[in-house]
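This report concerns aromatic side chains and the contacts they make. The structure is shown below.

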Amino acid sequence: MKTKLKSRLPERSFPFLRINEREGKPRKRSLTEIRGPYYSVVGRRYLEDLFETMGAYVDSLKFAGGSFTLMPEQAVRDIIEFCHKHDVLVSTGGFIERVLVQGDAAVRQYVAECKKLGFDKSGLKAKPEVGIQFGAGGATAAAELQAEGTRDPNWAIAQAKRFLDAGADIVMIESEGITENVDPWRTDVPARLIDQLGLEKLMFEAADPDVFAWYIKNYGADVNLFVDHSQIVQLECLRAGIWGTKSLWGRVVTYRDTRE
């Protein structure tokens, strides 16, 4: 199997200023996945601006809610090809759960179509999702989630271990029941997951500035995070240690220089 060489980060402006330097892609830590089309439209022209300015810091893009099934095929191809041009993987998200109920034939056709369009799925590159919240998804109201209840975190840990043992490189931890629509946050859950599985094997959904700031404050600049596409600049400023809220100001330091 041919090993892909790391890409060099583009020369940034003000290169003489010291920041938390990033490794080139592909990375195994400090990964950032962004949400693609869902809460707002994301097409190739939007991505041109995003990747021209912040593409070096984006590792993957995930379509949410099966939005790619509503778009013209050429538009989907254009997004995927443009992402790959910038060394950004493209995920269908968990939409296969919707396909499974349509039977084996539909699943096989779906995977084949993903491969044809260029998704990083039929190869296969799996990134399972694990959570503690019953009935989560689609911005479900807090009252509904509370009524559904949550699972024992030990169950989530056991599931994540099974996925990793089966060959998954990394597991996504859903935010519902941990930091989304819950008060107080279940900060014990990510702590137990990291203790059992390690930081590099986990990616945390953190589509809220307060949430990703909390993860960076507690687990450092190298924590793997999933955020909305609109939040990539704010997140990267925190990772780089060049900006922050009162509790983060001057506290995010990696003591690592990767410019050599």
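## Aromatic pair in helix α8

Helix α8 covers residues 209-219 and holds both Y215 and Y219, which are four residues apart, about one turn of the helix. In this predicted model, the rings of Y215 and Y219 form a tilted aromatic pair, with 6.5 Å centre to centre and 35 degrees between the planes. The angle of 35 degrees is neither under 30 degrees, as stacked rings require, nor over 60, as edge-to-face rings require, and the pair is therefore classed as tilted.

The two tyrosines fall into separate accessibility classes. Y215 counts as buried because its relative accessibility is 2%, and the limit for buried is under 20%. Y219 has a relative accessible area of 24% and is therefore partly exposed.

## Aromatic pairs and the cluster

A search of the whole structure yields 14 aromatic pairs. One of them joins F63 and F68 in an edge-to-face arrangement, with the centres 5.6 Å apart and an angle of 80 degrees between the planes. F63 and F68 are both buried.

F63 and F68 also belong to one aromatic cluster, together with F95, Y110 and F119.

## Charged groups over rings

Two contacts between a charged residue and a ring may be noted. K62 lies over the face of F226, at a distance of 4.3 Å from the ring centre. The ring of W155 has the charged end of R151 over it, 4.2 Å from the ring's centre.

Definitions and conventions. Residues numbered from 1 in each chain as written. Predicted model: local features only at pLDDT ≥ 70, side-chain atom pairs only at ≥ 80, totals over all residues. Heavy atoms only, no water. Phe/Tyr/Trp six-rings, centres within 6.5 Å; stacked < 30°, edge-to-face > 60°. Buried < 20%, exposed > 50% of the residue type's maximum accessible area, 1.4 Å probe, protein only. Helix = DSSP H or I, 4+ residues; strand = E, 2+ residues; numbered from the N terminus. Lys NZ or Arg CZ within 6 Å of the ring centre and 35° of its normal.
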